[in-house]
Each structure stands twice: as structure tokens, then as C-alpha cells.
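Here is a short report on one protein chain. It goes from the whole chain to two loop residues.

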Amino acid sequence: MLRALFATILFAATAVQAMEPIDVKKTRFAKAELTVTADGEDQSFTPAELEQLGTYAMTTYTPWRESPAEFVGVRLTDLLSATGLEDVSAIRVVAENDYAITMERDVWTNHDLLIATRVDGRGHTRRARGPIQFVFNMSQDPVTGDEDFQSNWVWMAARIEPVE
């Protein structure tokens, strides 16, 4: 809660970029896959394959970082569209460690949500809550840092499936 308040105060004093499309250079990624289930079929994406959907950058604070970082990745909305899940009302997101949440549609339609594959110019790592992490623009949308919202910040994301 204090960090969200701190981010709100700091944002008022400094301008932080919104999520913007960017081109990226090749990089090394940790071995990881994000599997999306749609119509009973699984489709898996490595970080490099996710980036083929179009990359975006967002500079923001997170509940776990006191300094802003630049996150690069694909928008969740683009991944859901590419896999035929653009009209679902909720998704279940499961991490490598079996952490799971049900995310309602209003979360990704009302808040910038980036599936980050890079942080500060490098491939995202497990040590830094990667290699595939759901990141919100807490600098511009402080509510995403609130304790009640933090369950949506999934790191080591491994699976997305629709909730019927």
C-alpha cells in the first residue's frame, strides 16, 4: 500500500512513458514457454515467439522494485487475439510454481497489461520474476500496485486457459 502511494506521489512529480510499440534486437532468453489453451488445443510460445506478436515497452515501478524499470514484451490483448481468446470473459493464469489466478476480463481491458520478456534491455530472468511476467503500468495506474490487485502480477507465467 505504501509503495502504491509512493508511486502515485512520484508519478505526479515525474512523467513516465505509457506502453509504446518498439522494435527489438535479438537477445538471449531463459528457457521458458507460455502455453495457451484455446478450443481444447495447446499452443506454446517461447519469449522470442511471443515477441513476434509485436513488442511494446513500458517504464514503470512494480510492487517489488523501488526504481522504475523498462519492461518489454507483448500485450496480453494481442496474445489473446492471436490464439482466438479475445472474447473470453476470464482466463486462468498458472505459473511454473503452480501459483494460479483467475483474471477477469476487466483486468486486462481496464489496465495496461504487458507480458514482459525483457527488463532493462536484457532477457527477463527467473531471479528478477521472469522469464515471462505479467506487468502493469503501476506508474500511471497506481491501483495496480494495491495489495488486492497484486495477485494479477504473475511471474514465471507458464499457462493461460479460458475460464468457462
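## Chain overview

Of the 164 residues in the chain, 45% are buried. The model is predicted. Its secondary structure consists of four helices and eleven strands.

Contacts reach far along the sequence. Take those between residues at least 6 apart: 66% of them join residues at least 24 apart. The accessible surface of the chain is about 8600 Å². Carbon and sulfur atoms account for 47% of that surface.

## Two residues with positive phi

Asp39 and Asp120 deserve a look at the backbone. Phi of Asp39 is near 55°, a positive value in a residue other than glycine. For Asp120, also not a glycine, phi is positive too, near 50°.

Where do they sit? Asp39 lies in the loop between β2 (34-38) and β3 (41-45). Asp120 lies in the loop between β8 (113-119) and β9 (122-123).

| Residue | Phi | Loop between | Relative accessible area |
|---|---|---|---|
| Asp39 | near 55° | β2 (34-38) and β3 (41-45) | 78% |
| Asp120 | near 50° | β8 (113-119) and β9 (122-123) | 48% |

How is each one placed with respect to the surface, buried, partly exposed or exposed? Asp39 has a relative accessible area of 78%, so it counts as exposed, the cut-off being over 50%. Asp120 has 48%, which lies between the 20% and 50% limits, so Asp120 is partly exposed.

Notes. Residues are numbered from 1 along each chain as its sequence is written. This is a predicted model: local features need pLDDT of at least 70, side-chain atom pairs count only at pLDDT 80 or more; totals for chains, interfaces and linings use all residues. Side-chain values use heavy atoms; hydrogens and water are left out. Helices (H or I, at least four residues) and strands (E, at least two) are DSSP runs, numbered from the N terminus. Buried means under 20% relative accessible area, exposed over 50%, partly exposed in between (1.4 Å probe, protein chains only). Contact means heavy atoms within 4.5 Å. Accessible areas come from the Shrake-Rupley method with a 1.4 Å probe; for residues, only the protein chains shown count as cover.
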